[in-house]
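Subject: Structure for your review

Dear colleague,

Please find below the structure that I am handing over to you. I would be grateful if you would look at it first and then read the notes that follow.

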Amino acid sequence: MKLIINVEKSYSDEFGNKVIVSDSTKLENIKVEFRGNNNLLVIDDKNKILKNINFEFSSNDGKAYIGHVEGGLQARGNIRVGYKSLVVIGDKVTCTKPFFICASEATKILIGDDCMFATDNHIRTDDAHA
């Protein structure tokens, strides 16, 4: 199963995949791809705007939590969450250019509060080889 959705509000499906976001948060160009079951994306309810991010849940039981970002996350980005993996982005995280985050199978990426990333960062728990 492969399902790609443009997220504008909270979402759930018959496969147990969920997106939880406040009705007051404006989402612009947020795409979520679900390739499995029981995945969860939570966007902090203090966000006013979040834009230009692609989330890919490539298997089952992945979780991603996006903290409160003042003015919206500042760049385009891709976040991949693998089987039983966790990605947490804390409050007030910013970056200057596109980013890529990849949590491969049964791993965690935890980015604390008030972090700033420069240009073209890749944060991953694998070496991109099979």
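Read from its start to its end, the protein chain follows the pattern β-β-β-β-β-β-β-β-β-β-β-β-β-β. In other words, it has 14 strands and 0 helices. The radius of gyration of the protein chain is 14 Å, close to the 14 Å that the globule rule gives for 130 residues, so the chain is as compact as a globular protein of that length. Please keep in mind that this is a predicted model.

As to overall dimensions, the C-alpha trace of the protein chain spans about 35 × 35 × 20 Å along its principal axes. Of the 130 residues in the chain, 42% are buried.

Two sheets deserve your attention.

An open sheet of 6 strands is arranged in the order β1-β4-β6-β8-β11-β14, and its pairing is mixed. At its edges stand β1 (3-6) and β14, each of which pairs on one side only. Neighbouring strands of this sheet are turned by 10° against each other on average, with direction ignored. Within the sheet, β11 and β14 run parallel and are joined by 4 bridges. You may wish to locate C102, which stands opposite R124 in β14.

Another open sheet, also with mixed pairing, is formed by 6 strands in the order β2-β3-β5-β7-β9-β12. Its edge strands are β2 (11-12) and β12 (108-111), and each pairs on one side only. Strand β5 (residues 40-43) pairs with strand β7 (residues 63-66) in the parallel sense, over 4 bridges. Here L40 stands opposite K63 in β7.

The remaining topic is empty space inside the model. Rolling a probe the size of a water molecule over the atoms shows where such space is left. A search of the whole structure finds 1 cavity of 30 Å³ or more. About 90 Å³ of space lies in the largest cavity.

Which residues lie nearest the centre of the largest cavity? They are V93, C95, F99, I101 and F117, out of 11 residues that line the cavity. The elements that give two or more residues to this lining are β10 (94-95), β11 (99-103) and β14 (121-124). By kind, the lining residues divide into 9 nonpolar and 2 polar, with no charged ones. When you view the model, β11 and β14 are therefore worth finding together: they are joined by 4 bridges, and both are among the elements that contribute to the lining of the largest cavity.

Yours sincerely,
A colleague

Definitions and conventions:
Residues numbered from 1 in each chain as written. Predicted model: local features only at pLDDT ≥ 70, side-chain atom pairs only at ≥ 80, totals over all residues. Heavy atoms only, no water. 1 Å grid on protein atoms, 1.4 Å probe; cavity = no way out; pocket = protein on both sides within 12 Å on 5 of 7 lines; lining within 4 Å. Points joined across faces, edges and corners; volume = space filled by probe spheres on them. Nonpolar A, V, L, I, M, F, W, Y, C, P; charged D, E, K, R; others polar. Pairing = 2+ DSSP bridges. Axes fitted to C-alpha atoms, helices over the stretch in contact; angles between N-to-C directions. Rg over C-alpha atoms; globule rule 2.2 N^0.38 Å. Buried < 20%, exposed > 50% of the residue type's maximum accessible area, 1.4 Å probe, protein only.
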